Amino acid sequence: QRCDHNGSRRPCLLRVMPHALCEVEHTADGERTLREYRLIQLQQIGLVGGHADAVMIRVCGRPKLFLVLQRDELFRQVRLSAGQLGIALPEVQSGYYKMDGLIVERRMFGSDLGAPIVTYEVEKASQRHAYPVPRLLAIYPQHFVEKDAATAACLSIRHLRSIFALVRSGVDGRELRFEYDDGDARTYLCGRRDALAASTYDAAVGAGNERIVVTSAVSDGLRLQPRHVGEEKTERGWVTEAFFGPDTIEFFFLKRLSTVAEQCATIAKQAPLPVLDLPAPEAKAPARRRVGNVMVPVIASHDPEAEAKARAEAEEKKRQEEAAKKAEEEKALAAAAGTDGDAAAGDAAAASSSASVRTTMAVVCVTYA
């Protein structure tokens with residue numbers, strides 16, 4: 001469940017993706033993604049104390065509260081995704097934030113900004129709501145704030161330097177799209193669209209944003225590099241410009257790819273080579289076969305099943321040889337034991353025969369005497 005700014009709770013799903021944490025809602029037509037919290041954009045994430053299922057996610061400065069049944073498994077999957085991306089997860093210590101403290105912080109969010117320069121009444125179009133909802137857009141000297149129209153509570157605060165472009169729709173004269181450096185975008189409907197665009201542009205330039213533009217083209221899918229990456233400006237000679245004209249989009253992309261490839265090659269040269277502790281390869285004499293009068297090596301294909309079968313046959317042959325050798329040794333020992341018994345019996349018979357002869361000679365001598 002997601003805890004809204006007005007205290008209500010909405011059922012939803014938090015799905016861990018390889019790059020983001022997606023808030024998904026079940027509808028009659030299937031599932032609908034309400035918002036995508038990219039892991040690289042998370043300012044804080046942590047387990048909330050005082051509630052067994054509470055999870056806090058801080059995006060755009062404001063904490064968002066979710067009640068998750070399996071929050072330990074959720075955090076394990078989020079850590080795994082962040083590790084695969086190679087980014088450090090901004091995880092706070094478990095129990096650092098309390099449920100009551102976060103509720104108070106959400107209510108007081110944005111109260112230290114002071115008085116706004118100008119405020120516009122708009123309607124926000126988003127995936128979360130079936131129809132546009134009323135909002136207030138307040139422009140401050142350094143920030144751009146979205147507020148709830150009923151309670152004037154701050155819902156999001158963005159720095160004016162983070163605005164990438166203001167897109168004026170050519171279909172709807174009230175639609176104005178705000179594109180930000182982190183890849184997010186918000187669409188608003190305002191009856192004073194041009195006044196809102198001009199005020200935002202002037203405030204952003206005054207805050208130091210020199211890259212902001214007002215355009216009629218959405219930049220999604222048209223840029224080779226992220227919005228926050230500055231463009232490389234190169235000066236072309238007037239002679240080249242006169243003969244060949246300005247650079248085309250295709251030529252600019254090729255130059256950008258070449259620059260990125262050179263940077264990657266430089267980083268690869270500076271990176272230390274990994275030292276792998278691998279066992280020495282076994283020296284095997286290659287098998288040969290005769291082709292005419294020439295012996296050529298046989299290049300055998302790597303077949304794991306054939307190698308395992310050959311290994312098993314070799315082991316079986318070795319066991320058979322050991323069993324045959326053991327049987328021969330036992331047979332030899334038995335034969336040696338039988339020969340010793342026959343010899344002992346012969347000696348005993350010879351001794352008995354000699355004793356009988358001596359007795360007979362003694363009787364003959366007595367009789368003669």
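**Figure 1. Arginine 135, a buried residue of strand β11.** At 9% relative accessibility, arginine 135 counts as buried, because buried means under 20% relative accessible area. The model shown here and in the other views is a predicted one. Arginine 135 sits in strand β11, which runs over residues 133-139. Its contacts beyond four places in sequence are Tyr120, Glu121, Val122, Lys124, His129, Glu146, Lys147, Asp148, Ala149 and Leu155. Glutamate 123 is 12 residues from arginine 135 along the chain. In space, the C-alpha atoms of arginine 135 and glutamate 123 are separated by 5.5 Å.

**Figure 2. A salt-bridge network that includes Arg135.** Which residues are linked with Arg135 in a network of salt bridges? They are Lys124, Glu146 and Asp148. Lys124, Glu146 and Asp148 are also among the residues that arginine 135 touches. Side chains of opposite charge can pair when their charged atoms come close. Across the whole structure, a search finds 17 salt bridges.

**Figure 3. Helix α1 and its buried face.** Helix α1 covers residues 71-85, 15 residues in total. At 1.5 Å a residue it should span 21 Å, and its end C-alpha atoms are indeed 21 Å apart, so the two values agree. Six names make up the buried set of α1: Arg71, Leu74, Phe75, Val78, Ser81 and Ala82. Seen down the helix axis, these buried residues fall within an arc of 125 degrees, so they line one face of α1. An α-helix has 3.6 residues a turn, so residues three or four places apart point the same way.

**Figure 4. What surrounds helix α1.** Strands provide part of the cover over the buried residues of α1. That cover includes β3 (13-16), β4 (20-27), β6 (44-49) and β7 (54-59). Which exposed residues does the face of α1 turned away from its buried side carry? They are Asp72, Gly83 and Gln84. Glycine 86 follows the helix. Its phi is positive, near 80 degrees.

**Figure 5. Glutamate 179 and arginine 177, a salt bridge between buried residues.** The side chains of glutamate 179 and arginine 177 meet at 3.0 Å, N to O. Is glutamate 179 buried or exposed? Glutamate 179 is buried, at 0% relative accessibility. Arginine 177 is buried too, with a relative accessible area of 15%. Aspartate 220 can be placed in this view as well: its C-alpha lies 9.3 Å from that of glutamate 179. In sequence, aspartate 220 and glutamate 179 are 41 residues apart. Aspartate 220 belongs to the loop between β17 (213-215) and α4 (238-244). At 44% relative accessibility, aspartate 220 counts as partly exposed.

**Figure 6. Glutamate 316 and arginine 319, paired within helix α6.** Both residues lie in α6, which runs over residues 304-368. They are 3 residues apart, about one turn of the helix. How far apart are the closest N and O atoms of their salt bridge? The distance is 2.4 Å. Glutamate 316 is partly exposed at 37% relative accessibility. Arginine 319 is partly exposed as well, with a relative accessible area of 47%.

**Figure 7. Glutamate 36 and arginine 38, a salt bridge between partly exposed residues.** The closest N and O atoms of glutamate 36 and arginine 38 are 3.7 Å apart. That distance counts as a salt bridge because the cut-off is 4 Å. Glutamate 36 has a relative accessible area of 30% and is partly exposed. Arginine 38 is partly exposed at 26%.

**Figure 8. Two cysteines in a protein with 0 disulfides.** The count of disulfides comes to 0. Cysteine 154 is buried, with a relative accessible area of 5%. Cysteine 264 is partly exposed, at 48% relative accessibility.

**Figure 9. The whole protein, as context for the close-ups.** The protein has 6 helices and 19 strands. Of its 369 residues, 28% are buried. Among contacts with a separation of 6 or more, 45% join residues 24 or more positions apart. The accessible surface comes to about 25,000 Å². Carbon and sulfur atoms account for 57% of that surface.

Terms used:
Residues are numbered from 1 along each chain as its sequence is written. This is a predicted model: local features need pLDDT of at least 70, side-chain atom pairs count only at pLDDT 80 or more; totals for chains, interfaces and linings use all residues. Side-chain values use heavy atoms; hydrogens and water are left out. Helices (H or I, at least four residues) and strands (E, at least two) are DSSP runs, numbered from the N terminus. The expected span of a helix is 1.5 Å times one less than its number of residues. Buried means under 20% relative accessible area, exposed over 50%, partly exposed in between (1.4 Å probe, protein chains only). The arc is that of the directions from the helix axis to the C-beta atoms. Contact means heavy atoms within 4.5 Å. A disulfide is a pair of cysteine sulfur atoms within 2.5 Å. Accessible areas come from the Shrake-Rupley method with a 1.4 Å probe; for residues, only the protein chains shown count as cover.
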